Structure formats: C-alpha cells, structure tokens
Amino acid sequence: MLGKQIRSFAENEIIFREGEAGDCAYLIETGRILVYLMKNGTEIPLKVLGKGDIFGEMSMIDCSLRSASCRALSEVRLVTVTQEQLVDRIQSADPIVRLLMRALMDRLRVQNDAIRGISISPATVMSEKDEREKQEALERISLENRIAMGLENDEFLPHYQPIYDLETQQIKGCEALIRWTTSDGKTISPGMFIDVLEESSMMLQVGQMMIEKCAADMVRLQKALPLAPDFFISVNVSGKQFADPNFVTHLEQVRSRTGISAANLKLEVTERIMTEGPQAIATLQSCRSLGYKIAIDDFGTGFSSLQYLASMPLHDLKVDRTFVFQMMSHEKPLSIVKTLIYLARLLNLNLIAEGIETPAQLELLRKLGVQMGQGFYFAKAMPYNDFLSLLGKESAAPATPLKIAA
Ligand code: C2E
Ligand code: CA
Ligand code: CA
C-alpha cells in the first residue's frame with residue numbers, strides 16, 4: 001500500500017550524501033534542509049529548502065546516484081515520494097515536458113560539476129530509451145506545428161455520417177466527424193491528431209470551428225431540402241470545451257447568427273467530462289436548458305458509473321461500436337448491449353448504435369429495440385456535398401422499411 005511515509009531528521013543530521021544510490025525523493029512537511037556539494041572537504045551550499053519543497057527527485061527520475069548532499073538545518077519531517085509515484089507521473093506526462101525536464105536536469109548537473117571544478121564531460125551516448133523519447137518529443141512538436149498551420153489554412157472541416165432510424169431506414173440526422181485535408185490533398189482521420197489536439201489549447205479553437213461549420217452546413221441543408229424540424233447534426237464536444245466558461249456564450253452566438261434551432265444541434269459528450277470538474281457539468285446543464293440535445297458517447301468504455309449516468313442531463317445513449325462489433329460472436333458484449341437497452345428505457349433515453357457494419361448486426365439491434373444507428377453498412381462519413389446529395393435522393397424517393405439481406 002502507498003501509505004504516507006514520514007521520516008524525521010534531527011538538526012544537522014545528514015539526509016543523504018552525493019554519490020549514494022537514492023531510494024526515494026522527499027517533500028518537506030516541516031523544517032528546513034540544506035542542499036550542498038563537497039569540494040576538497042569543504043561544504044558548498046547550493047540552496048535552503050523549506051515546507052512544501054521537493055528534493056532528492058533527480059536520482060529518482062533517471063536512476064542516477066545522488067548528485068548533491070542534503071542535511072537538516074532544523075528538526076525536519078519529510079514525506080517520502082517513491083520512485084513508482086514519480087515515474088508513473090513522468091511517464092504519463094507530455095513528451096515535450098519530459099524532454100524539458102531532462103534538459104533542465106542535465107543543465108543542473110553540468111552546473112554542479114562546474115562548481116566542483118569538473119570540466120564538462122563529452123556528450124554521453126544516448127540510450128535507446130532516451131533516443132526514443134527525443135524522437136517522440138520531436139514528432140509531437142512537429143505535429144502540433146503542422147496542426148496549427150492547418151488551422152491557419154482552414155484545412156479542418158466536418159464530414160457527415162448519416163444516422164438512420166433502424167425501423168423506417170430514414171436518415172434522422174448525422175454525426176459530424178472532423179477531417180484534416182492537408183495542402184497535398186491527403187485526408188487525415190482524427191485518430192492521428194485528436195489526442196494531440198485534446199492535450200493542447202488548440203482543442204477549444206477547433207471545437208468552436210466545428211460548431212460554426214456544422215451550424216452553417218445545417219442552414220445550407222435546410223435551405224436546400226425539406227428537412228424534418230428535428231433533423232440534427234451531432235457534434236463531438238470534448239470535456240475541455242465544456243470546462244471552458246465561454247462555451248455556452250459562443251454556442252449561443254453561433255445559434256443567433258445562423259438562426260438554427262437548438263434542437264438541430266446535438267452535443268456528444270463522453271464519460272470523461274466527469275473528470276473536468278463542476279464547471280463542465282454546469283455547462284452541460286445550461287446547454288440542456290437552452291434546448292440543445294445531449295448524447296453520451298462511447299458509453300461503457302470509460303469509467304462508467306450509473307450514478308453519473310442518472311445525474312447527467314441526457315437525451316441519447318450511444319452504444320459503442322466495440323460492443324456492436326463483438327455482440328454477434330460473444331455472450332458478454334451481447335449482454336452489455338441488452339443491459340444498455342434496458343438502462344436507456346429505464347432512464348428514458350434514446351439509443352443510437354454505432355459501428356453497424358453487417359445486415360446481421362442491424363437485424364439483431366432492431367429486434368432488440370434499438371431505434372437509431374450509424375455505421376459502414378449504411379455509409380461512412382462523407383463531405384458536405386455528398387451528404388447533401390444522399391439526403392436529396394432520400395427526399396426524392398422516400399425510404400421503404402429495410403429489407404435485410406439474408
Ligand atoms: P466517435 O465519436 O466514437 O466517432 C465514431 C467513429 O467511428 C468515427 O471515427 C467513425 O468514422 C467510426 N465509424 C463509424 N461507423 C463505423 C463502422 O461501421 N465501423 C467502424 N470500424 N468504424 C465506424 P473517426 O471519424 O475516425 O473518429 C474517431 C474519434 O475522433 C471519434 O470517435 C471522436 O471521439 C473523435 N472525434 C471526431 N471528430 C471530432 C470532433 O470534431 N471533436 C472531438 N472532440 N472529437 C472528435
Ligand atoms: Ca461521437
Ligand atoms: Ca462513439
């Protein structure tokens with residue numbers, strides 16, 4: 001168990017000496033400590049640290065020997081920080097942050113060596129892990145730069161995947177999925193860049209741009225075709241956007257500028273919104289009271305809690321495509337789908353199944369009572385013009401109830 005381990009040292013007691021192997025880092029709970037170097041038997045003070053400061057972390061981070069000594073300047077109480085506690089956090093940090101940390105540590109060591117009178121050693125051969133980390137950081141920063149350039153050049157836009165009523169086979173709306181068409185004409189799916197976006201401040205800008213483009217496309221569709229009043233475009237909204245206190249104001253500005261109805265815009269959220277704090281949930285509540293439809297996406301793949309589900313102001317529950325994919329051949333995913341259907345009924349939510357690829361999946365979902373669905377069986381996400389002509393064909397020749405191929 002990772003208990004809070006306390007170590008106490010008396011005034012002047014040595015906590016560790018340079019050159020020793022480190023077994024933990026320390027957070028100072030009370031008292032003061034001195035970090036120092038030894039040169040020709042003389043103590044060279046580097047820094048005095050006090051309550052809340054951390055020390056001894058360098059040898060934990062890269063498994064090196066202690067690079068300086070520390071002694072208590074008064075009676076001190078120290079909370080130990082284990083290597084696992086530090087390493088887990090560092091591993092999950094952004095590669096740029098890791099690179100930065102390594103550079104700072106290297107610089108500090110060079111400084112300490114200079115104080116000790118040791119000349120700068122030639123660059124050591126990098127380990128495979130260091131090499132990989134540097135490469136990862138380089139790729140990451142260059143992807144961020146290319147995304148920023150792409151945003152400036154307006155290279156991101158929504159594609160639309162139709163969402164069908166499984167019974168009547170009519171298109172009830174669509175999901176907007178972001179695509180990046182680079183200057184050389186390549187179209188890149190979000191799997192390649194959405195995580196980088198989510199972790200950067202660019203997500204707010206991109207999210208806002210998606211809402212604006214979807215609203216503008218909704219107006220164009222409504223002008224071109226006799227759409228049902230509840231025809232919707234479903235937009236993926238990240239937790240970060242919901243946590244932004246300006247989100248609702250921006251959303252409302254788009255609505256009044258374009259004149260679309262709130263009911264035409266559905267906001268897809270994932271369970272991760274729960275980790276964004278109370279502001280995000282408050283935003284969700286405001287959206288709901290303003291009339292926007294709210295769908296919970298990827299339900300069951302994250303840290304689902306029924307309590308969360310019951311407390312969120314939702315309209316739709318989207319059955320994740322992994323369950324749809326596996327339900328034909330595995331008992332457990334099928335049970336999960338059945339449970340979701342039961343849950344949705346209980347909570348008065350509409351169900352939308354994702355990832356329908358085969359007639360057999362469609363037939364089973366329909367039999368189980370799922371109302372709506374999307375998937376490659378019907379259509380992949382497509383650019384606006386293709387979606388417009390698909391809808392145009394449908395309104396020219398209304399769909400007949402689905403005939404399922406054997
Ligand atoms: P998602 O919200 O779960 O979107 C559904 C994904 O399933 C889409 O992938 C879609 O192309 C894919 N899909 C649909 N039908 C099928 C099918 O029958 N079979 C299979 N194998 N896949 C199917 P896509 O477009 O690559 O998007 C991936 C994820 O990126 C989305 O998952 C969503 O989490 C995120 N994303 C997409 N656009 C946006 C956006 O504008 N904002 C945010 N925050 N996230 C977005
Ligand atoms: Ca989605
Ligand atoms: Ca999904």
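**Close-up views: calcium site and cysteines**

In sequence, the residues that donate to the calcium ion (ligand 2) follow the spacing E-x60-N-x31-E-x28-D. This is a predicted model, in which local features need pLDDT of at least 70 and side-chain atom pairs count only at pLDDT 80 or more, while totals for chains, interfaces and linings use all residues. Residues are numbered from 1 along each chain as its sequence is written, chains are lettered from A and ligands numbered from 1 in the order in which they are written, and side-chain values use heavy atoms, with hydrogens and water left out.

**View 1. Donors around the calcium ion (ligand 2).** Here you meet Glu 175 (OE), Asn 236 (OD1), Glu 268 (OE) and Asp 297 (OD), the protein donors, at 2.2 to 2.3 Å from the ion. Donors are N, O and S atoms within 2.8 Å of the metal (3.2 Å for Na, K and Ca); water is not among the atoms, so sites may look incomplete.

**View 2. Asp 297 as a bridge.** Asp 297 links the calcium ion (ligand 2) to the calcium ion (ligand 3), and these ions are 4.1 Å apart. Glu 268 belongs to strand E13 (residues 265–270) and Asp 297 to strand E14 (residues 293–299), so the pair ties together parts 29 residues apart in sequence. Strands (E, at least two residues) are DSSP runs, numbered from the N terminus. Glu 268 and Asp 297 are both buried, meaning under 20% relative accessible area (1.4 Å probe, protein chains only).

**View 3. Cysteines without a disulfide.** The structure has 0 disulfides, defined as pairs of cysteine sulfur atoms within 2.5 Å. For Cys 24, the closest cysteine sulfur is that of Cys 70, at 11 Å, too far for a bond; Cys 24 is buried at 3% relative accessibility. For Cys 214, the closest is in Cys 174, at 7.4 Å, again too far for a bond, and Cys 214 is buried at 0%.

How values were computed
Buried < 20%, exposed > 50% of the residue type's maximum accessible area, 1.4 Å probe, protein only. Helix = DSSP H or I, 4+ residues; strand = E, 2+ residues; numbered from the N terminus.
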